[in-house]
Amino acid sequence: MPLRARGRRLHGELRDGVTAATTIRRLVMHREALLACRRCATVIGPPVCHPPRPSRIYLVGQAPGPREGARGRPFAHTAGKTLFRWFEAHGVDEAAFREGVYMSAVLRCFPGKAPSGGDRLPSAEEMAACRPWLAEEVALMKPQLIVPVGRLAIEQVLGARPASLAEVVGRAHRVKFLGRGADAIALPHPSGVSSWHKLEPGKSLLAKALGLIVSHPAWRAAFAG
Ligand code: SF4
């Protein structure tokens, strides 16, 4: 039976001197401001923002695809199906995951298509423009565990471009991300375009990374029965 997130039960508890209710209020204001953001002329809105549910687990993806904006939630299409399947194997279904993990991205609007047909990679300028939204979320929620998903998010969270995914997936890293110290456990992008996680060594490294995530204290606190 899938585990349910216990995030709602944290409501009212003190977190570093700030009540969870205060954090939720601040996240509501943050979300309203983010959804109204039109800072970049080069992307296709609307921005996508997780519901105002505080979590100590902060997932950072690359950017929404063409459908997420209309659906108003991150990982709402095929990549999300794969991502949620990975965690379902560990007893956490999509609904529980969305409740217990705050899902962000280095860019919060769809960047558009690349000439090759896939989604365009966000530019350094676009990511810099969007970074204050992530910084505000990190400052508000003080995550203990950060899960960057895909090469671009991994590069942003670890602070350096890895030579290969095999170098960084399957290990826990200690990082300082946007001024906050946290553990980071990277995942490959679950996009159907990539086969890295289906072939060795990616398959074993993905299994190792998922094992590290679900045994992390922040995960256990969020999803303990
Ligand atoms: S990508 Fe980020 S900074 Fe740019 S318009 Fe969207 S939400 Fe605003």
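A residue counts as near the ligand here if its C-beta atom, placed from the backbone, lies within 6 Å of it. Keep that cut-off in mind for the first stop. The model on screen is predicted.

**Stop 1: the ligand**

Select the ligand and show what surrounds it. The shell holds 14 residues. Cys37, Cys40, Pro47, Cys109 and Cys130 are the closest. Now colour the shell by residue class. Nine residues are nonpolar, one is polar and four are charged. Which helix gives the most to this shell? Helix 5 does, with three residues.

**Stop 2: helix 1 against helix 5**

Stay with helix 5, residues 124–141, and add helix 1, residues 20–35. Their axes lie 10 Å apart, at an angle of about 175 degrees. An angle over 145 degrees counts as roughly antiparallel, so that is how helix 1 and helix 5 are described. Next, show the side chains where they meet. From helix 1, pick Thr23, Arg26, Leu27, His30 and Leu34. From helix 5, pick Trp133, Glu136, Glu137, Leu140 and Met141. This contact has five nonpolar, two polar and three charged residues.

**Stop 3: just past helix 5**

Step on to Lys142, in the loop between helix 5 and strand 5. Check its phi. Lys142 has a positive value of about 50 degrees, though it is not a glycine. Most residues other than glycine have a negative phi.

**Stop 4: the sheet**

Now show the strands. Five of them form an open sheet in the order 4-3-5-7-6, with mixed pairing. Which strands stand at the edges? They are strand 4 (102–105) and strand 6 (172–177). Each has a single partner strand, so one side of each is left without a neighbour in the sheet. On average, neighbouring strands here are turned by 35 degrees against each other, direction ignored.

Zoom in on strand 5 (residues 145–148) and strand 7 (residues 180–185). They pair in the parallel sense over two bridges. Select Leu145 and find its bridge partner, Asp183, in strand 7. Then select Ile146, which stands opposite Ala184 in strand 7.

Move to the other side of strand 7. Strand 6 pairs with strand 7 in the antiparallel sense, over six bridges. Val175 stands opposite Ala182 in strand 7. Follow the chain round the hairpin of these two strands, where two residues lie between them. Leu178 in this hairpin takes a positive phi near 55 degrees.

**Stop 5: a helix across the sheet**

Add helix 6, residues 151–158. What does helix 6 lie across? The answer is strand 3 (57–61), strand 5, strand 6 and strand 7. Relative to strand 5, helix 6 runs at about 145 degrees.

**Stop 6: two cis peptide bonds**

Most peptide bonds are trans. Two selections show cis bonds instead. Start with Gly45 and Pro46: the bond between them is cis, with omega near 0 degrees. Pro46 sits in the loop between helix 1 and strand 3. Then go to Glu200 and Pro201, also joined by a cis bond, with omega about 5 degrees. Pro201 lies in the loop between strand 7 and helix 8 (202–214).

**Stop 7: confidence**

Finish by colouring the chain by pLDDT. The mean is 92, and 92% of residues reach 70 or more. Now select residues 7–12, where pLDDT is below 50. In the model, this stretch has eleven contacts beyond near neighbours in sequence. Where pLDDT is low, the predicted coordinates should not be read in detail.

Note on methods
Residues numbered from 1 in each chain as written. Predicted model: local features only at pLDDT ≥ 70, side-chain atom pairs only at ≥ 80, totals over all residues. Axes fitted to C-alpha atoms, helices over the stretch in contact; angles between N-to-C directions. Helix = DSSP H or I, 4+ residues; strand = E, 2+ residues; numbered from the N terminus. Parallel < 35°, antiparallel > 145°, perpendicular 65-115°, else oblique. Contact = placed C-beta atoms within 7 Å. Nonpolar A, V, L, I, M, F, W, Y, C, P; charged D, E, K, R; others polar. pLDDT = per-residue confidence, 0-100. Pairing = 2+ DSSP bridges.
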